[in-house]
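Subject: Structure handover and notes

Hello,

I am passing the structure on to you. My notes on what turned up in it follow below.

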Amino acid sequence: MSKKALAILMRARMRPNDPSKLALSPLSNEVKQMLSNSQGNQSSANVERHASEDGNGKLNKQRSFEVVRESMHSAISMNKTEVLDSVLNDFSEGYFSLSFENRRQLLLTLAKEYDLNRTQVRELIKQYLGLQLPTGNETQSGGVEDEGFLSTFYRIEKNLRHSLKPVYEILFERLNTHPGGLKFLTILRADILSILAEENIASLRALDSYLKEKLSTWLSPAALELHQITWDDPASLLEKIVAYEAVHPISNLIDLKRRLGVGRRCFGYFHSAMPGEPLIFIEVALLKNVAQTIQEVLWDHPPIPESEATCALFYSISSTQPGLAGINLGKFLIKRVITLVKRDMPNISVFATLSPIPGFMQWLLSKLASQSKLAEAEDVSCSSADRSGLTFYENVLEPEEERALVDSSGDLAAGKNGMEIMLNLLTSTSHEWTNSAKLLSALEQPLMRLCARYLLQEKKRGKALDSVANFHLQNGAMVQRINWMADRSEKGLCQSAGIMVNYVYRPEKIEEYAQSYFSTGHIHSSYDVRRYIQPLTENESSTD
């Protein structure tokens, strides 16, 4: 084993096995360790001593919090540039020393005590509303008196713009230009998001919105570098790819080398303020045709000669920084990669994805459970005809689908009707239905039909309910095909009953599709997908 391979392996072993743990707040593991260390067998003789130590510990923690709070105030209010770097270092180091509860308290202090001055804003608005608006002729005359008249407007508008900036903007701006400050700001926002996931605090949400807007500006495409990640990159970078891969975990070094080898590409966005740290990366397979299963991408098929490839398949895209949630770097990354691949490989004409459908099973199981309870509560019979009169009742299965399920279930799943049988089959932790040819055949039609309905018709605020679907659709893709048993992994079966979807990016249509989805929520799709939920009309073509 090479030194590089050994270094990657050793570091990867020290990382959490579950990549989702990387999204936890930076001190979560430390807090757990502190809690576990504080638990233990205490003899009655030591109770008083431990109580004294706990009291001192609380006092030290409080002192520590006050020190960090003071360093934060200094970082905002200090004007001496020669010592500002030292103050910012003290603040960032002090912040990392705090428990998560103290971080929460500090962030609330920042959000509330360093907000904008609303008294000043109200006064300026009163002044502005008290001014006499110039008429059209006065504004066009351009005389000296007119300029003097308008200068009052300009002055108040300038003051108003300044007063609408919260004081904590100073901290963000200074950290952004400080070495390591951008990374620190992403950690800060990750903590803010962790708090907001538990509590809806208006002042903290405003703080998050402002910081998100700042990060979006600082991480604009013009400020990012697109880099092709290869096996020749430093071990520290490759180790991050292994750790942050969020869609299809990298199982070993051979798997990693395959994903960076012939017939494969990996591209990442980097920022100069965070060297060696990918903000987001995408994995690409060069294929003859659009893949229908993840198995053929990751394991089954050796790579073809790159000169024979006609399709660039995006099969994994992973964001590495929890603090950048909601900032759509992936949109720009996909467009840049398409442009780069088209330039370097003219033989590639199709740009597609093989994507998971993470919300499908959650939506389907919820619907099956609610409808089964409704049917039981109303004490209806098993016949679809008898149930059709219920206001809120919906049998998600067609009659022939229900009959096929009842006939095929055997001893694997009991139930009063097809929906209950399907619910019991899909909630089985052993996924026994995947080993039965009869059940696979019986489940394929209803699951594919319901999946098409979920992707094309189930929406939230006018946009696709599924998060991955919404991501690709807002980036200008279309839903091309859904694939049965495309991911037989535990994760794939739990998320979407093994179904995956191909989204296709047509370079000449990306902007058009993105705009129509943004403005009206229209989802462009092929007939291969639409046929599951609607018949083909006379004038409808085979593609959208």
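In which helix is Cys-451 found? Cys-451 sits in helix H20. Please keep in mind throughout that this is a predicted model.

Cys-451 and its surroundings

Cys-451 has a relative accessible area of 0%, so it counts as buried. Not counting residues up to four places away in sequence, Cys-451 touches Ile-357, Phe-360, Ile-482 and Ile-499. Val-529 is 78 residues from Cys-451 along the chain, and the C-alpha atoms of the two are separated by 9.4 Å.

Nonpolar cores

The largest nonpolar core has 111 residues. Within this core, Phe-172, Leu-204, Phe-360, Trp-433 and Leu-447 touch the most other members. Helix H20, residues 437-456, gives the most to this core, with 12 residues. Another core, of 16 residues, lies apart from it and includes Ala-291, Ile-294, Leu-313 and Leu-354.

For Phe-172, leaving aside neighbours within four places in sequence, the contacts are Leu-110, Leu-185, Leu-188, Leu-207, Tyr-210, Leu-211 and Trp-218.

The sheet

The sheet is open and is formed by 7 strands in the order E1-E2-E3-E4-E5-E9-E8, with mixed pairing. Strand E1 (224-228) and E8 stand at the edges with a single partner strand each, so each has one side without a neighbour in the sheet. On average, neighbouring strands of this sheet are turned by 25° against each other, direction ignored.

Strand E9 covers residues 500-505, and 6 of its 6 residues are buried. In a regular strand, side chains alternate between the two faces of the sheet. For E9, Met-500, Asn-502 and Val-504 lie on one side, while Val-501, Tyr-503 and Tyr-505 lie on the other, and all are buried, so both faces are covered.

E9 pairs in the antiparallel sense with strand E5 (residues 350-353) over 2 bridges. E9 also pairs in the antiparallel sense with strand E8 (residues 478-483), over 5 bridges. Val-504 takes part in both pairings: it is the bridge partner of Ala-352 and of Met-478.

Helices

Two packed helices are described by the angle between their axes and the distance between the axes. The axes of helix H10 (residues 181-198) and helix H11 (residues 202-218) cross at roughly 145° and come within 10 Å. The crossing of H10 and H11 is left-handed. On the H10 side the contact is made by Leu-182, Leu-185, Arg-189, Ile-192, Leu-193, Ile-195 and Leu-196. H11 brings Leu-204, Arg-205, Leu-207, Asp-208, Leu-211, Lys-212, Leu-215 and Trp-218 to the contact. Sorted by class, this contact of H10 with H11 has 11 nonpolar, no polar and 4 charged residues.

Helix H12 (residues 235-244) is mostly covered, with 9 of its 10 residues buried. Among the buried residues of H12 are the charged residues Glu-239 and Lys-240, along with Leu-237, Leu-238, Ile-241 and Val-242.

Regards

Key
Residues are numbered from 1 along each chain as its sequence is written. This is a predicted model: local features need pLDDT of at least 70, side-chain atom pairs count only at pLDDT 80 or more; totals for chains, interfaces and linings use all residues. Side-chain values use heavy atoms; hydrogens and water are left out. Buried means under 20% relative accessible area, exposed over 50%, partly exposed in between (1.4 Å probe, protein chains only). Helices (H or I, at least four residues) and strands (E, at least two) are DSSP runs, numbered from the N terminus. Two strands pair if DSSP finds at least two bridges between them. A nonpolar core is a set of buried Ala, Val, Leu, Ile, Met, Phe, Trp, Tyr and Cys residues joined through side-chain atoms within 4.5 Å. Contact means heavy atoms within 4.5 Å. Axes are lines fitted to C-alpha atoms, for helices over the stretch in contact, and angles run from 0 to 180 degrees between N-to-C directions. A crossing is left-handed if the near helix is turned anticlockwise from the far one by less than a right angle, and right-handed if clockwise.
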